[in-house]
Amino acid sequence: MNNLSVSFLDLQAINKRHEQEFQQVLQQMLDKGWYILGDNLTNFEKEFAAFCGARHCIGVANGLDALILILEAYKELGVMQPGDEVIVPANTYIASVIAISRSGLVPVLVEPQPDTALIDPLAIEQMITPRTRAIMPVHLYGQVCEMNTINDLAKKHSLKVIEDSAQAHGALYQGKRAGSLGDAAGFSFYPGKNLGALGDAGAITTSDDALATTLKALRNYGSHIKYQHLHKGINSRLDEIQAGFLSIKLRLLDADNNRRRNIATQYLQEIRNEKITLPVAIDPLRHVWHCFTVRTQEREAFQQYLAANGIQTVIHYPLPPHQQQAYKEWNERSLPVTEKIHAEILSLPISPVMTDEQVDKVITTINAW
Ligand SMILES: *Cc1c(COP(=O)(O)O)cnc(C)c1O
């Protein structure tokens with residue numbers, strides 16, 4: 001095997017592509033002297049709302065705050081009360097669950113479908129109680145959940161649908177983007193996401209005017225007019241410099257996602273190893289491959305073998321939320337589908353800057369295992 005190395009995600013190379021434009025953004029900011037809640041943010045919010053097909057985008061400090069603020073806004077609007085329940089997949093990144101707890105609401109964990117690892121719509125209905133107020137589907141690894149079924153259930157039981165779109169920027173479901181498929185959506189622009197800032201950043205998209213107005217105030221000390229405070233808000237704003245960088249990167253997002261799709265297609269067609277189960281893509285445009293996650297019962301050996309051959313991999317995630325110390329009260333619970341997924345998954349390198357040689361190396365190395 002050749003000694004070409006393959007990093008999991010080469011962020012330096014991803015951002016290097018925009019070096020000159022980033023420097024222009026910085027120079028403009030230094031010349032102007034305006035750093036928070038300015039034109040860069042307003043422009044990015046317009047662009048990202050249009051991209052997603054939502055009426056509003058509200059920039060915030062990170063993806064966790066995006067989810068927390070949506071729930072806080074629903075409390076301000078009288079839609080939710082402390083102690084109400086929000087249904088969330090048990091195998092999500094812990095941020096989705098923490099957002100619910102932090103807002104004084106109760107996360108209700110639901111098992112995913114074993115093949116896609118996406119929340120199981122049939123399992124949702126069994127968990128609906130008189131206290132349920134919302135469903136939070138997570139478009140995990142970049143693939144959109146069964147939104148028609150979820151929206152039908154929500155309608156039937158008068159629930160809000162809050163998309164956790166932190167891994168699914170640009171994913172399409174029946175011609176509509178993630179971020180326009182529920183009542184509101186939270187996005188993260190953490191550097192490693194498909195659309196990543198050069199630091200922390202996040203956003204909410206929604207077409208609900210009242211919710212958007214409340215969110216704009218909540219992220220800025222509950223203030224819609226300077227020094228007048230309607231709500232006990234927080235400080236969670238998206239910096240001008242990050243908004244400027246994000247506008248530049250947004251223009252390449254569809255092309256970057258297409259490159260990820262091409263790599264994923266090649267992996268799906270060419271990886272052949274009895275010990276490896278490949279991920280399931282329901283339909284091509286519905287997936288933006290934030291992670292290409294394979295499964296194997298010999299994960300530790302497989303990961304070590306790849307590392308010895310210069311291929312870096314990551315486990316998304318080693319321990320599910322209900323087995324974390326932070327949720328001691330759930331540690332005794334049994335969620336077998338979730339636990340099996342967490343024990344077997346491994347994410348392979350996938351990114352818009354991977355070369356064909358690197359993709360080939362990953363495939364031949366895996367096939368030789
Ligand atoms: C990254 C992520 C978040 C949180 O985003 P941050 O910007 O890191 O706060 C939330 N949910 C999911 C599914 C994520 O992957």
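Student: Which residues make the nonpolar surface patch of about 270 Å²?

Tutor: Tyr-35, Ile-36 and Leu-37 make that patch. Keep in mind that this is a predicted model. To place the patch in the fold, look at Tyr-35, which sits in the loop between helix H2 (19-32) and helix H3 (39-52).

Student: Okay, on to the sheet. In what order do the 7 strands come?

Tutor: Read across the sheet rather than along the chain. The order is S1-S9-S8-S5-S4-S2-S3, the sheet is open, and its pairing is mixed. S1 and S3 are the edge strands; each has a single partner, so one side of each lacks a neighbour in the sheet. From one strand to the next, the twist averages 25 degrees.

Student: Which helix packs on the sheet and touches S1, S8 and S9?

Tutor: That's H3, whose direction makes about 130 degrees with that of S1. Another helix, H7, lies across S4 and strand S5 (160-164) and runs at about 150 degrees to S5.

Student: You said the pairing is mixed. Where can I see each sense?

Tutor: Check pairs of neighbours. Strand S1 (residues 56-60) and S9 are antiparallel, with 5 bridges, and Val-60 has Gly-202 as its bridge partner in S9. Strand S8 (residues 184-188) also runs antiparallel to S9, again joined by 5 bridges; there, Phe-187 stands opposite Ala-203. For the parallel sense, take strand S2 (residues 85-89) and S3, paired over 5 bridges. Pro-89 is opposite Val-110 of S3 in that pair.

Student: Are the residues of S9 buried or exposed?

Tutor: Here the cut-off matters: buried means under 20% relative accessible area. By that rule, 5 of the 5 residues in S9 (residues 202-206) are buried. Now split the strand by side-chain direction. Gly-202, Ile-204 and Thr-206 point one way, Ala-203 and Thr-205 point the other way, and both sets are buried.

Student: How should I think about direction in a helix?

Tutor: An α-helix has 3.6 residues a turn, so residues three or four places apart point the same way. With that in mind, try helix H5 (residues 94-102). Its buried residues are Ile-94, Ala-95, Ser-96, Val-97, Ala-99 and Ile-100.

Student: What do the buried residues of H5 pack against?

Tutor: They pack against helix H4 (63-76), S2, S3 and S5. After H5 comes Gly-104, with a positive phi near 75 degrees.

Student: Which residues have a positive phi although they are not glycines?

Tutor: Two to look up are Ala-117 and Tyr-141. Ala-117 has a phi of about 65 degrees and lies in the loop between strand S3 (106-110) and helix H6 (121-127). Tyr-141 also has a phi of about 65 degrees; find it in the loop between strand S4 (132-135) and helix H7 (147-156).

Student: Why does each of them count as buried?

Tutor: Just compare with the cut-off, which is under 20% relative accessible area. Ala-117 is at 2% relative accessibility, so it counts as buried. Tyr-141 is at 8%, so it counts as buried too.

Student: One last backbone check. Which peptide bond is cis, with omega near 10 degrees?

Tutor: Look at the omega angle going from His-316 to Tyr-317: that peptide bond is cis. Tyr-317 belongs to the loop between helix H11 (299-308) and helix H12 (336-344).

Note on methods:
Residues numbered from 1 in each chain as written. Predicted model: local features only at pLDDT ≥ 70, side-chain atom pairs only at ≥ 80, totals over all residues. Heavy atoms only, no water. Buried < 20%, exposed > 50% of the residue type's maximum accessible area, 1.4 Å probe, protein only. Helix = DSSP H or I, 4+ residues; strand = E, 2+ residues; numbered from the N terminus. Pairing = 2+ DSSP bridges. Patch = residues over 30% accessible without salt bridge, like charges linked within 9 Å, V, L, I, M, F, W, Y side chains within 5 Å. Areas by Shrake-Rupley, 256 points an atom, 1.4 Å probe, with all protein chains shown as cover. Salt bridge = Lys/Arg side-chain N within 4 Å of Asp/Glu carboxyl O. Axes fitted to C-alpha atoms, helices over the stretch in contact; angles between N-to-C directions. Contact = heavy atoms within 4.5 Å.
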